[in-house]
Amino acid sequence: EGGEFDWELIREFNPDYLIISPCSFSVDRTLKEIHKITSLPGFSDINAVKKGNVYVLEPLYARASHRTLEFLKALTEIYTSGEVSRKYGVKI
């Protein structure tokens, strides 16, 4: 159904922030299926999860649009305040 990602690479990198933004999935749709990510082996061991820095954002589309600017605004909010406006996504 969707693209693939290398979970082991993400675990090895052990990010301090985890941004989940599947192409063509709204925040609500992603949250309905978030268990597919949160149930992966070692999810709770990642720094981002331990620090409460996991976010689901509205998707960023490949071509530049107002969505690109919104995505960047969301990242700015996350990295400066640790929060994100519901307009852009949610902290989980």
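Phe-25 lies in the loop between strand 1 and helix 2 (27-32) of this predicted model. Although it sits in a loop, Phe-25 counts as buried because its relative accessibility is 17%, below the limit of 20%. Ile-10 lies 15 residues away from Phe-25 along the chain, and the C-alpha atoms of the two are separated by 21 Å.

Helix 2 follows this loop, and Thr-30 is found in that helix. Thr-30 also counts as buried, because its relative accessibility is 5%. If residues up to four places away in sequence are left aside, Thr-30 touches Ile-20, Pro-22, Phe-25 and Val-56. Phe-25 is therefore a buried residue that is in contact with Thr-30 of the helix.

The contacts of Thr-30 lead on to the strands. Strand 2 covers residues 54-57; Val-54 and Val-56 point one way from it, Tyr-55 and Leu-57 point the other way, and all are buried. Strand 1 (residues 18-20) pairs with strand 2 in the parallel sense, over three bridges, and Leu-18 stands opposite Val-54. Strand 2 is also joined by three bridges to strand 3 (residues 89-91), but here the strands run antiparallel. Within that pairing, Val-90 in strand 3 is the bridge partner of Val-56. Strand 2 thus has a parallel pairing with strand 1 and an antiparallel pairing with strand 3.

The two directions of the strand 2 side chains can be followed into the nonpolar cores. The largest nonpolar core has twelve residues in all: Trp-7, Leu-18, Ile-20, Val-27, Ile-34, Ile-37, Phe-43, Ile-46, Ala-48, Val-54, Val-56 and Val-90. Strand 1 and strand 2 are the elements that give two or more residues to this core. A second, separate core of eight residues includes Tyr-55, Leu-57, Phe-71 and Tyr-88. Val-54 and Val-56, which point one way from strand 2, belong to the largest core, whereas Tyr-55 and Leu-57, which point the other way, belong to the second. Ile-20 is a member of the largest core; leaving out residues up to four places away in sequence, it touches Thr-30, Ile-34, Ile-37, Val-54, Tyr-55, Val-56 and Leu-57.

Charged side chains add further links, and the structure holds seven salt bridges. One of them joins Arg-11 to Glu-8, with the closest N and O atoms 3.4 Å apart. The two residues are separated by about one helical turn, because they are three residues apart in helix 1 (residues 7-13). Both are partly exposed: Arg-11 has a relative accessible area of 31%, and Glu-8 has one of 46%.

The salt bridge between Arg-86 and Asp-28 has its closest N and O atoms 3.0 Å apart. Arg-86 lies in the loop between helix 5 (66-81) and strand 3, and Asp-28 lies in helix 2, so this pair ties together parts that are 58 residues apart in sequence. Arg-86 counts as partly exposed at 46% relative accessibility, as does Asp-28 at 44%.

Another salt bridge is formed where the side chains of Arg-29 and Glu-33 meet, at 2.7 Å from N to O. Here Arg-29 is partly exposed, with a relative accessible area of 29%, while Glu-33 is buried, with a value of 18%. Together with Lys-36, these two residues are linked in a network of salt bridges.

These details can be placed in the chain as a whole. The protein chain has five helices and three strands, and from the N terminus on its elements run α-β-α-α-α-β-α-β. Its radius of gyration is 13 Å, close to the 12 Å that the globule rule gives for 92 residues, so the chain is as compact as a globular protein of that length. The C-alpha trace spans about 35 × 35 × 20 Å along its principal axes. Of the 92 residues, 33% are buried. Among contacts between residues at least 6 apart in sequence, 69% join residues at least 24 apart.

The confidence of the prediction completes the description. The mean pLDDT of the protein chain is 89, and 92% of its residues reach 70 or more. Confidence is lowest in helix 5, at a mean of 90, and highest in helix 4 (residues 47-50), at 98.

Notes. Residues are numbered from 1 along each chain as its sequence is written. This is a predicted model: local features need pLDDT of at least 70, side-chain atom pairs count only at pLDDT 80 or more; totals for chains, interfaces and linings use all residues. Side-chain values use heavy atoms; hydrogens and water are left out. Buried means under 20% relative accessible area, exposed over 50%, partly exposed in between (1.4 Å probe, protein chains only). Helices (H or I, at least four residues) and strands (E, at least two) are DSSP runs, numbered from the N terminus. Two strands pair if DSSP finds at least two bridges between them. Contact means heavy atoms within 4.5 Å. A salt bridge is a side-chain nitrogen of Lys or Arg within 4 Å of a carboxyl oxygen of Asp or Glu. pLDDT is the predictor's confidence in each residue, from 0 to 100. A nonpolar core is a set of buried Ala, Val, Leu, Ile, Met, Phe, Trp, Tyr and Cys residues joined through side-chain atoms within 4.5 Å. The radius of gyration is taken over C-alpha atoms; the globule rule is 2.2 Å times the number of residues to the power 0.38.
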